[in-house]
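This report walks through one protein model for a reader who works at the bench. Please keep the sequence and the three-dimensional view open while reading.

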Amino acid sequence: MTFSNTKKKVIAAALDYGGTKILAGLIDSTGKIISKKKIQTPSKESKKRLVLEGKNLLEEISEKGGINLSDTAGLGISLPGMVDNNGEKLIYAPNWKMRNFYVKREFEKILGIRTVIANDINAAAIGEMILGHGKKIDSFFWLTISTGIGGALVIDKKLITGDNGLAGEIGHIKIYDRRLKCSCGKYGCLEAISSGPAILKRTKERIKSASFKRITALKKNDLTTEKIVAFANRGDEGAQKILDECSSAVGKALSYIVNLTDIETIIIGGGVMDNNPLMFRLIKRYIKEYVYEEKLRRIKLLKPKFRYDSCLIGAASLIFNQENCST
Ligand SMILES: [Zn+2]
């Protein structure tokens with residue numbers, strides 16, 4: 001489908017699909033959110049429902065923001081899974097257990113506006129590149145530590161996608177030899193060691209031992225990853241030990257990235273890193289410990305500029321990236 005509307009406009013519509021939520025927004029090319037709305041969705045939704053709910057949300061925020069969707073420069077969509085290199089379809093979304101979802105075609109048909117789609121981590125990295133820290137730095141690695149672990153590589157203001165769109169998949173770098181099964185089916189991946197669920201699982205196992213019980217105030221009944229992170233940051237020795245192990249694995253994986261690319265800036269987001277200065281400090285220490293020629297490098301760890309809206313603003317940035325809007 002082609003669209004005759006080539007006039008440069010500075011507002012983009014955006015949809016951020018998560019495992020169990022949809023966030024919609026109208027964003028201008030400085031990164032300002034004009035209007036937005038979020039809804040929760042069941043984890044098992046049909047493709048048809050997901051499109052319909054996205055469309056309804058967009059129409060609602062368009063009315064609220066007083067901007068017709070047809071007057072926007074286009075629609076950017078961030079998706080929780082693998083997107084093909086042509087940007088036509090979602091190949092696989094593990095949370096939705098869904099394959100081959102032609103998202104671009106569906107939205108162009110239903111709304112009649114140009115649509116660009118991307119994997120959520122790549123979208124967030126593009127948003128950061130165009131509207132966030134990327135305004136001052138040309139190259140960085142984006143890392144998300146959440147339910148899973150994902151990454152994206154930006155070099156010289158360009159997102160590196162690779163031959164299959166799989167570049168930056170740091171979550172499946174192997175850290176241990178044959179322990180801890182990963183969601184990908186292999187063993188010892190970073191995601192199986194340091195993701196939110198992995199931190200929780202590790203603590204639950206450890207809390208059974210008397211020696212661990214002696215050094216922690218955590219109780220096994222109401223454990224959550226957030227609680228473990230909060231306890232560690234308040235000085236709980238047991239919780240700190242867990243985060244230290246996870247940070248060592250993250251630091252090791254990042255040291256490979258730094259050795260390979262010579263990137264100095266790493267932007268780390270995701271739920272596990274919220275209110276978690278301890279893990280920022282530990283990860284930095286371990287990167288320095290593992291990386292080659294650490295004295296020559298000025299390793300910097302940064303928080304994402306747009307925090308919870310990173311993927312939404314990233315989705316809008318997919319449009320700005322193509323439009324070359326001045327920001
Ligand atoms: Zn894996």
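In this model, which is predicted, the count of disulfides comes to zero. Cys311 takes part in no disulfide, and the nearest cysteine sulfur to that of Cys311, which belongs to Cys182, is 20 Å away.

**The zinc site**

Which residues coordinate the zinc ion? The ion is held by the ND1 atom of His172 and by the SG atoms of Cys182, Cys184 and Cys189, at 2.1 to 2.4 Å. Cys182, the residue whose sulfur is the nearest one to Cys311, is thus met again here as a zinc ligand. Along the chain the donors of the zinc ion follow the spacing H-x9-C-x1-C-x4-C. His172 and Cys189 both lie in the loop between β11 (158–160) and α4 (190–194), so this pair ties together parts that are 17 residues apart in sequence.

The arrangement around the zinc ion is tetrahedral, because the four donor atoms subtend angles of 103 to 121 degrees, and four donors count as tetrahedral if all angles lie between 85 and 135 degrees.

How far the ligands are covered by the protein can be read from their relative accessible areas. The table sets out values for ligands of the zinc ion, together with two serines that are taken up further below.

| Residue | Relative accessible area | Class |
|---|---|---|
| His172 | 32% | partly exposed |
| Cys184 | 39% | partly exposed |
| Cys189 | 3% | buried |
| Ser255 | 2% | buried |
| Ser146 | 26% | partly exposed |

Cys189, at 3%, counts as buried because the relative accessible area is low, the limit for that class being under 20%. His172, at 32%, is partly exposed, and Cys184, at 39%, is likewise partly exposed.

**The five-stranded sheet**

The strand β11, which precedes the loop that carries His172 and Cys189, also belongs to an open sheet of five strands, arranged in the order β11-β10-β9-β12-β13 with mixed pairing. The edge strands of this sheet are β11 and β13 (300–302), each of which pairs on one side only. Direction ignored, neighbouring strands of the sheet are turned by 25 degrees against each other on average. Helix α8 (residues 237–261) packs on the sheet, where the helix touches β9 (140–145), β10 (149–155) and β12, and the direction of α8 makes about 160 degrees with that of β9.

What does β9 pair with on either side? With β10, strand β9 pairs in the antiparallel sense over six bridges, and Leu143 has Gly151 in β10 as its bridge partner. A hairpin of three residues joins β9 to β10. With β12, strand β9 runs parallel and is joined by four bridges, and Trp142 stands opposite Ile267 in β12. Strand β12 (residues 265–269) in turn runs parallel to β13, to which three bridges join it, with Ile266 standing opposite Leu301 of β13.

Are the residues of β9 buried or exposed? Six of the six residues of β9 are buried, so that the strand is mostly covered. In a regular strand the side chains alternate between the two faces of the sheet. In β9 both faces are covered, with Phe140, Trp142 and Thr144 buried on one side and Phe141, Leu143 and Ile145 buried on the other.

**Two serines around the sheet**

Ser255 is found in helix α8, the helix that packs on the sheet, and at 2% relative accessibility Ser255 counts as buried. Leaving aside neighbours within four places in sequence, Ser255 is in contact with Ile287, Tyr290 and Val291.

Ser146 lies in the loop between β9 and β10 and is partly exposed, with a relative accessible area of 26%. Again leaving aside neighbours within four places in sequence, Ser146 is in contact with Ser195, Gly196, Pro197, Gly270, Gly271 and Val272. The C-alpha atoms of Ser146 and Glu191 are separated by 9.3 Å, although these two residues are 45 residues apart along the chain.

**A further strand pair**

Strand β8 (residues 115–119) is mostly covered, with five of its five residues buried. Strand β4 (residues 75–79) pairs with β8 in the parallel sense over five bridges, and the bridge partner of Leu79 in β8 is Asn119.

Definitions and conventions:
Residues numbered from 1 in each chain as written. Predicted model: local features only at pLDDT ≥ 70, side-chain atom pairs only at ≥ 80, totals over all residues. Heavy atoms only, no water. Donors = N, O, S within 2.8 Å, 3.2 Å for Na, K, Ca; no water. Tetrahedral: all angles 85-135°; square planar, octahedral: opposite > 155°, others 65-115°. Buried < 20%, exposed > 50% of the residue type's maximum accessible area, 1.4 Å probe, protein only. Pairing = 2+ DSSP bridges. Axes fitted to C-alpha atoms, helices over the stretch in contact; angles between N-to-C directions. Contact = heavy atoms within 4.5 Å. Disulfide = S-S within 2.5 Å.
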